[in-house]
Amino acid sequence: MAQPKSPLDQLQEHLRQSQLLGSISSALYYDQNTVMPAAGAEWRGDQLALLASQLHERQSSPAYADLVEAAEAELQASTPAAVRRNLQLLRLELNRQRCLDPQLVAQIAQAQSRGNAIWQEARRRSDFSIFAPALESLIGLRREQATQLAAAEVQHRSPWEILAQPFEPDVSKERLQQLFAPLQDELPVLLQQAAATQESPLPELPEALQENLCTELLNSWGYDPAYCQRSRSAHPFSCTVGPQDFRITTRVVPDQPLSAFLATAHEWGHSLYEQGLPRTGNHYFPWPLGEATSMGVHESQSLFWECRVGRSRAFAERWHPRFCTGLGSGLGSGGGRGGGSGSGSDPWGGALGFWRGLNPLRPGLIRVEADELSYCLHIVLRFELELALLEQELPVAELPDLWNRRMGELLGRTPSSDSEGCLQDIHWAEGLFGYFPSYALGHLISAQLAETMEQELGGPGAIEAAIAAGMESSLRDWLASRVYPLGRSVNAEELVEQVSGQSLSAAAFLRYLRNKLERLQADT
């Protein structure tokens, strides 16, 4: 006769079924943003709303609460810390879910799907007025969500902070303002210094060549088609559909010949993190400790591969011949290591010219195409505007003008259209308020972890040395041993302190930027 299942086993079985529902939603979302015809948006919204309602019911039902309580009742002094942490996180999320009205959950899912479709049309036509009503609706729904979730908070948090918790656990506006203040002070100074640098126009890359180079990059970094899939979408993203099903998307941008290549590096960094999280097949997948620490840590991993690796001098010198060959040109006199200005048939101006092409120093209006010096100022802008929309009663109709004015003040450039202004990102079209600061935190975390990596792999220059030798796998191995296994056992700031031995700050990131700018200008 079979032994009755323990409370933990019963809880795991329930969680696995919930995870299956969530993965179906992820698969539909991936399809919606890659191959779904536009006319399918309304039905897709109904599908996602139904799944969201069912998932919410499973995560908040009395039966599920009984399972969590029974598992908690079995805790003993000998219970492993991982089990205790899993139950703690499940209890936290259970309390949040039980505060939410199921009807509100369905309304948000429908509004997200509708907002996504409307945003794509508004962005295509560069007309914010098309999107404004959908944004107003999403803001209202998220405000109501924050009001309901406030009942589960053990400490006072503002509406924006409550909505930010799923992305960045324990984050506060005050802490973000403290971390962002040095960026607001120093980045404009660095941008002024960079303004003196002359930049050459980049050659055009046929779309097919860009796709081939992206494929070659992924293959060199361990892409396995048995577990991974890359597609095209309006906005690059990555998602995990199952414990052995990882998806990324990229896009080819007109007049941005390196955009798709760098976006591929970025999204693959996200996917590598997902693939390295502490999961053991289907068994461990439902437990919270197998999830990402936070979106800031997630972003740190994508930025590491895009910026520390893909934009490095060593990487440029290795990949420059491939980009020349793809265009049917030779290496020119500047094609060797160290390079010169280049000549002959080399369209990049040598390896040095190619490196500069990977590292533009002009503040861009589009966040995902922005240079490293100005990128975090984009996030400062969005953080300010989210607070204004959610907590300071900023009328939605005033968003484009305020966006343009603040962009001019922060970057010295003003968008000429809504599509390169407040319509450029998909996040608000899905009501993801509280998400954007994770992008800037990712830069700070990546820099601090990279300094520690270098210390442990041989000292300054160790990362570039590994890249020059084609040994990026050693960098992935370090991350797989020091960062990936932590999962949700800690929050982002705890992870940084545990790995680096220091509290998170902007110092390492600013050191990295100053050093890169100095090197780029020294070779001018």
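1. Let's start with W268: this tryptophan is buried, at 1% relative accessibility. Bear in mind that we're looking at a predicted model. W268 belongs to helix α10, which covers residues 259-276.

2. Which residue does W268 pair with? Its ring partner is Y223, and the geometry is tilted, with 5.6 Å between centres and 50° between the planes. Y223 comes from the loop between α9 (207-220) and β1 (228-232), so the contact links distant parts of the chain, 45 residues apart. Y223 counts as buried too, because its relative accessible area of 18% falls under the 20% cut-off.

3. That pair has company, since the model holds 22 aromatic pairs. Have a look at the cluster joined by ring pairs: W221, F261, F304, W305, F315, W319, F323, W348 and F354.

4. Two arginines sit over aromatic faces. R322 is over W319, 3.9 Å from the ring centre, and W319 is itself a member of the ring cluster. R367 lies over the face of Y439, with 4.2 Å to the ring centre.

5. Now the second largest pocket, with a volume of about 430 Å³. Its lining takes in 18 residues, and R308, E454, G461, Y512 and N515 are the ones nearest the centre.

6. Which helix gives the most to that lining? It's α21, with six residues. At least two residues each come from α12 (295-309), α17 (437-457), α18 (462-468) and α21 (507-522). If you're thinking about the chemistry of the second largest pocket, the lining splits into eight charged, five polar and five nonpolar residues.

Key: Residues numbered from 1 in each chain as written. Predicted model: local features only at pLDDT ≥ 70, side-chain atom pairs only at ≥ 80, totals over all residues. Heavy atoms only, no water. Phe/Tyr/Trp six-rings, centres within 6.5 Å; stacked < 30°, edge-to-face > 60°. Helix = DSSP H or I, 4+ residues; strand = E, 2+ residues; numbered from the N terminus. Buried < 20%, exposed > 50% of the residue type's maximum accessible area, 1.4 Å probe, protein only. Lys NZ or Arg CZ within 6 Å of the ring centre and 35° of its normal. 1 Å grid on protein atoms, 1.4 Å probe; cavity = no way out; pocket = protein on both sides within 12 Å on 5 of 7 lines; lining within 4 Å. Points joined across faces, edges and corners; volume = space filled by probe spheres on them. Nonpolar A, V, L, I, M, F, W, Y, C, P; charged D, E, K, R; others polar.
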